[in-house]
Amino acid sequence: MGKFKPPTERKYGRGVQYCRRCGSTDSVIQKYGIYLCRQCFREVSSDLGFKKYW
């Protein structure tokens, strides 16, 4: 078995923000204080009042 190094605790940067819904730390939308990852945002965006314009 190889060595295991746990992830370091972040104080600032992209690793600090996490999704309120699933806890993911990558691709978090911070605008308007949403703090959802892009996958969760697509699922609940209509409930939040966002509309898709084509």
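Here a biologist and a modeller chat through a predicted model of a small set of features in one protein.

Biologist: Which pattern does the protein follow along the sequence?

Modeller: Bear in mind that this is a predicted model. There are two strands and one helix to place. Reading along the sequence, the order comes out as β-β-α.

Biologist: What radius of gyration does the protein have, set against a compact globule of 54 residues?

Modeller: The C-alpha atoms fill a box of roughly 50 × 25 × 20 Å along the principal axes. For a compact globule of 54 residues you'd expect a radius of gyration near 10 Å. The protein has 15 Å.

Biologist: What share of the contacts with a separation of 6 or more comes from residues 24 or more positions apart?

Modeller: Contact here means heavy atoms within 4.5 Å. Counting the contacts with a separation of 6 or more, residues 24 or more positions apart account for 0%.

Biologist: What percentage of the residues is buried?

Modeller: The cut-off for buried is under 20% relative accessible area. Of the 54 residues in the protein, the buried ones make up 19%.

Biologist: And the exposed surface: what part of it do carbon and sulfur atoms supply?

Modeller: The protein exposes about 5,400 Å². Carbon and sulfur atoms supply 53% of that.

Biologist: How far apart are the centres of the positive and negative side chains?

Modeller: There are 12 positive side chains and 4 negative ones. Take the centre of each set, and the two lie 7 Å apart.

Biologist: Which side chains meet in a salt bridge?

Modeller: Searching the whole structure turns up one salt bridge. Its N to O distance is 2.6 Å. The partners are Arg21 and Glu43.

Biologist: How many residues apart in sequence are the parts that this pair ties together?

Modeller: Arg21 sits in the segment before strand E1 (28-29), while Glu43 belongs to helix H1 (residues 38-48), so the pair links parts that are 22 residues apart in sequence.
Arg21 is partly exposed at 46% relative accessible area, and Glu43 counts as exposed at 53%. So, back to your number: the pair ties together parts separated in sequence by 22 residues.

Biologist: Is Ile34 buried or exposed?

Modeller: Ile34 lies in the loop between E1 and strand E2 (36-37). Its relative accessibility is 13%, and with the cut-off for buried at under 20%, Ile34 counts as buried.

Biologist: Which residues is Ile34 in contact with, leaving aside neighbours within four places in sequence?

Modeller: Pro6 is 28 residues from Ile34 in sequence, and their C-alpha atoms are 28 Å apart. With those close sequence neighbours left aside, the contacts of Ile34 are Arg20, Ile29, Phe41 and Phe50.

Terms used. Residues are numbered from 1 along each chain as its sequence is written. This is a predicted model: local features need pLDDT of at least 70, side-chain atom pairs count only at pLDDT 80 or more; totals for chains, interfaces and linings use all residues. Side-chain values use heavy atoms; hydrogens and water are left out. Helices (H or I, at least four residues) and strands (E, at least two) are DSSP runs, numbered from the N terminus. The radius of gyration is taken over C-alpha atoms; the globule rule is 2.2 Å times the number of residues to the power 0.38. Buried means under 20% relative accessible area, exposed over 50%, partly exposed in between (1.4 Å probe, protein chains only). Accessible areas come from the Shrake-Rupley method with a 1.4 Å probe; for residues, only the protein chains shown count as cover. Lys and Arg count as positive and Asp and Glu as negative; His and the chain ends are not counted. The place of a charge is taken as NZ of Lys, CZ of Arg, CG of Asp or CD of Glu. A salt bridge is a side-chain nitrogen of Lys or Arg within 4 Å of a carboxyl oxygen of Asp or Glu.
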